[in-house]
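Visitor: I would love a short tour of this model. Could you walk me through it?

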Amino acid sequence: MNQFLYEGKAPNVKEMTEQALEAGRDVDEILQDGLIAGMSVVGEDFKYNRLYVPQVLIAARAMKAGMAVLKPLLTKSGGGRSAGTVVMGTVKGDLHDIGKNLVCMMGEGAGFEMVDLGVDTKVETFMEAAREHRAGIVGMSALLTTTMPYMKVVINAFQEEEDLRDVVICVGGAPVSEMFAEEIGADGYAADASSAIELFQKMYPVATTASV
Ligand code: B12
């Protein structure tokens, strides 16, 4: 599956994901060892110019084909009361959405209402969505070192508004670290989607939802 993903063969990745599920493999194992591991080799080769943007794009498409098969399982929630509302977006200038989408799927599976703002998200959009959905948590994703500073712009803007000040802000994405999160004044950071959900669960009780 790693190799098919690397070569951008979406139909094969889809088929192997289905086969792995039929064979009784664990969803998390398929995600981590099949899809994410394949994408990390793509990332490495991209870094050293052994792959170029068009090849990475088709690899990303293959990854999404596998994720689409897993989606119903990742988003299957136990039902019952919502665990809370989380507004998620990839920050302005950044078009990477695979990691954010995974966090959204797993968040839904854990019973959160996930409001997905997509990519290239401006501060105003984060603010409007937090208010409209009375979100307790805002999650921002960034994959580029050049877009990471925009997270601070959003945090500052939330701090300036009385009704948004207490919304919990969580950040993530490959170049983001715990230290960077602290530096910009974020309330939480997680390195992967399952820890992101644990973080949301830990933070939600202390979150005050946006008013208006
Ligand atoms: C796929 C990819 C692309 C695809 C994106 C397709 C898509 N729909 O997302 C395409 C081809 C479009 C692309 C474009 C570019 N890319 Co690119 N891309 C990648 C690649 C290979 C994989 C990213 C990925 O999907 N990883 C898999 C997911 C599952 O991991 P993740 O995103 O980190 O998410 C996990 C965690 O971080 C966390 N998480 C994520 N978000 C959040 C949010 C919260 C709140 C929390 C708590 C947790 C959390 O949970 C996720 C799940 O476990 C990375 C390599 C890498 N090492 O990251 C380069 C990489 C990010 N890209 C890079 C570059 C340079 C670019 C381009 C500038 C290339 C160019 N010359 O045009 C453009 C920029 C476009 C733009 N404006 O955004 C560089 C960035 C370098 C840097 N210093 O900033 C990288 C690191 C590659 C490299 N090594 O050089 N890219």
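Visitor: Of the 35 residues around the ligand, which come nearest?

Guide: Happy to start there, with the reminder that this is a predicted model. The ligand has 35 residues around it. Those that come nearest are L95, H96, D97, S141 and T145.

Visitor: Which protein residue is the single donor to the cobalt atom of the ligand?

Guide: The place to look is the loop between strand 1 (84–90) and helix 5 (98–109). A residue of that loop gives its NE2 atom as the single protein donor, 2.3 Å from the cobalt. That residue is H96.

Visitor: Which residue has a backbone N or O atom 3.0 Å from a nitrogen atom of the ligand?

Guide: Let's go through the polar contacts, which are pairs of N or O atoms within 3.5 Å. K64 uses its side chain, 3.4 Å from a ligand nitrogen, while G173 places a polar backbone atom 3.4 Å from a ligand oxygen. The backbone contact at 3.0 Å to a nitrogen belongs to G93.

Visitor: How are helix 4 and helix 5 oriented to each other, roughly parallel or roughly antiparallel?

Guide: The axes of helix 4 (residues 53–74) and helix 5 come within 10 Å and cross at roughly 5 degrees. Angles under 35 degrees count as roughly parallel. Therefore helix 4 and helix 5 are roughly parallel.

Visitor: How many nonpolar residues does the contact of helix 4 with helix 5 have?

Guide: Helix 4 residues including M63, K64 and M67 meet helix 5 residues including L102, M105 and M106. By class, two residues of this contact are polar and two charged, and the nonpolar ones number eight.

Definitions and conventions: Residues are numbered from 1 along each chain as its sequence is written. This is a predicted model: local features need pLDDT of at least 70, side-chain atom pairs count only at pLDDT 80 or more; totals for chains, interfaces and linings use all residues. Side-chain values use heavy atoms; hydrogens and water are left out. Donors are N, O and S atoms within 2.8 Å of the metal (3.2 Å for Na, K and Ca); water is not among the atoms, so sites may look incomplete. Helices (H or I, at least four residues) and strands (E, at least two) are DSSP runs, numbered from the N terminus. Axes are lines fitted to C-alpha atoms, for helices over the stretch in contact, and angles run from 0 to 180 degrees between N-to-C directions. Angles under 35 degrees count as roughly parallel, over 145 as roughly antiparallel, 65 to 115 as roughly perpendicular and the rest as oblique. Contact means heavy atoms within 4.5 Å. Ala, Val, Leu, Ile, Met, Phe, Trp, Tyr, Cys and Pro count as nonpolar, Asp, Glu, Lys and Arg as charged, and the others, Gly among them, as polar. A residue is near a molecule or strand if one of its heavy atoms lies within 4 Å of it. A polar contact is a pair of N or O atoms within 3.5 Å; within protein, one must be able to donate a hydrogen and the other to accept it, and residues adjacent in sequence count only if both atoms are side-chain atoms.
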